[in-house]
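Here's a quick briefing to read with the structure open beside you. Take a look at the fold, then work through the notes by topic.

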Amino acid sequence: MRFQNSRMVFRNRNLTNLFVISAIWLFVSACVFSTSKESEKVDSDSQTNPAANNSGNSSDSKSNLNKLGKKEDKGDFIVQHLGVKNSRYNEIDRKIKNEKLLEKAADDLNKALSLPKDINLRSKDCGEPNAEFDPRIQSITVCYELMEHFYSLYRSEGMKPEDADKKMFAAVRFAFLHEVGHALIHNYNLPVMGNEEDAADRCSSYINIKELGDDGVKAVLAAADAFNIESKQKSTTKRDMADEHLLQEQRFYNSLCMIYGSDSAKYEYFVRDGYLPKERAARCPGEYQRTVDSWVNLLQPWRKDK
Ligand SMILES: [Zn+2]
């Protein structure tokens, strides 16, 4: 498989214009990037906690369907501002609060989706690079260490600070939407016939690519680059193989497959330049469409805007 090792896949493409808009990362988002074992454990705990699995009681939900087949809206995405413990994150914390990034994300999500109960959105320093949905406290948290991690990854590939900063916000949007995917699966009690981590990745790809256009594609590309860099910088261990998250290489190819599948003519260079093997690419349009159809159908009773 010829993947050009250490250069980032998209740096030299004509996509720099996509990076311009970026400070608005969150509109919507994704436990993705657990790079530490501890954080992966947190993520898996959240899935095996029986209380969590009861959080979206299906019989209760069914009784709340109105005449249009829509669910009753009993909750909101709510921003919680927490203090910063480590002063090295003061600046990013101030930026996120001043620009009301979480508030904008909450607002967009609340316009789009009904909820059976409130879900909290938080950004803070956590002591590890992670993002997570914790069903016990109904909160999605983006850790400043994760933002720093993304920034460092891009910088390690020679990206200029201002570009790495923009790309970091794009990757965080993918991570945030992955966590939103977990939160929706648990709160709506959605069926998951497969790996929930992969489903959360697909949720983020679906929302980004289908709902958010070029900005969303930029977020998936940024995440793909991060997966690719991480896979080059760290060799795969048994623990990685046993983990519920797919390997970073797989997440990289899956991300490319979703983008390519959304418009195979536009992203034909993925195949031509050797980033996506043609055998996989041939099936990506169908794979993308099935992902979109699945999420559209599952979210439909909860959509306010469609
Ligand atoms: Zn996850």
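What follows is a short overview, then bullet points on helices, their packing and a few loop residues.

Keep in mind that this is a predicted model. The chain has 13 helices and four strands. Of its 306 residues, 43% count as buried.

**Helix 7 on its own**

- Helix 7 runs over residues 161-187, and its 27 residues reach 38 Å from first C-alpha to last. That's close to the 39 Å expected at 1.5 Å a residue.
- Most of helix 7 is covered, with 22 of its 27 residues buried.
- Just after helix 7 comes Asn189, which has a positive phi, near 55°. For context, most residues other than glycine have a negative phi.

**Helix 7 and its partners**

- Helix 6 (residues 144-156) packs on helix 7 at an angle of about 130°, and their axes are 8 Å apart. The two helices are therefore oblique to each other, and their crossing is right-handed.
- On the helix 6 side, that contact is made by Leu146, Met147, Phe150, Tyr151, Tyr154 and Arg155. Helix 7 brings Pro161, Ala164, Asp165, Lys167, Met168, Ala171, Val172 and Ala175.
- Sort the residues of the contact of helix 6 with helix 7 by class and you get 11 nonpolar, no polar and three charged.
- Helix 7 also packs with helix 8 (residues 196-233), at an angle of about 140° and with axes 8 Å apart. Since angles over 145 degrees would count as roughly antiparallel, helix 7 and helix 8 come out as oblique to each other.
- The crossing of helix 7 and helix 8 is right-handed. Its contact residues divide into 15 nonpolar, five polar and five charged.

**Helix 10 and helix 13**

- Helix 10 covers residues 248-262, and these 15 residues reach 21 Å from first C-alpha to last, close to the 21 Å expected at 1.5 Å a residue.
- Of the 15 residues in helix 10, 13 are buried, so this helix is largely enclosed by the rest of the structure.
- How do helix 10 and helix 13 (residues 284-299) meet, and at roughly what angle do they cross? Their axes come within 7 Å and cross at roughly 95°, which means helix 10 is roughly perpendicular to helix 13.
- From helix 10, the contact uses Cys257, Met258, Tyr260, Gly261 and Ser262. From helix 13, it uses Cys284, Pro285, Glu287, Tyr288 and Thr291.
- By class, the contact of helix 10 with helix 13 has six nonpolar, three polar and one charged residues.

**Loop residues with positive phi**

- Lys100 lies in the loop between helix 4 (90-98) and helix 5. Its phi is near 50°, a positive value in a residue other than glycine.
- Is Lys100 buried or partly exposed? It counts as partly exposed, because it has 13 C-beta neighbours inside 10 Å, and a residue needs 20 or more to be buried.
- Gln138 sits in the loop between strand 3 (131-134) and strand 4 (139-143). Phi of Gln138 is near 50°, again positive in a residue other than glycine.
- Gln138 is partly exposed, with 19 other C-beta atoms within 10 Å.

**Two more loop residues**

- Look for Ser114 in the loop between helix 5 (101-112) and strand 2 (119-124). With 19 other C-beta atoms within 10 Å, Ser114 is partly exposed.
- Which residues does Ser114 contact, leaving aside its neighbours within four places in sequence? Those contacts are Lys71, Glu72, Asp73, Trp302 and Lys304.
- Ser114 and Phe77 are 37 residues apart in sequence, and their C-alpha atoms are 9.5 Å apart in space.
- Pro277 belongs to the loop between helix 11 (269-272) and helix 12 (278-281). Pro277 is partly exposed, with 16 other C-beta atoms within 10 Å.
- Pro277 and Cys257 are 20 residues apart in sequence and 9.7 Å apart in space, C-alpha to C-alpha. Cys257 is also one of the helix 10 residues in the contact with helix 13.

Conventions:
Residues numbered from 1 in each chain as written. Predicted model: local features only at pLDDT ≥ 70, side-chain atom pairs only at ≥ 80, totals over all residues. Expected span 1.5 Å × (residues − 1). Buried ≥ 20, exposed ≤ 12 C-beta atoms within 10 Å, placed from the backbone. Axes fitted to C-alpha atoms, helices over the stretch in contact; angles between N-to-C directions. Parallel < 35°, antiparallel > 145°, perpendicular 65-115°, else oblique. Left-handed = near helix turned anticlockwise from the far one by under 90°. Contact = placed C-beta atoms within 7 Å. Nonpolar A, V, L, I, M, F, W, Y, C, P; charged D, E, K, R; others polar.
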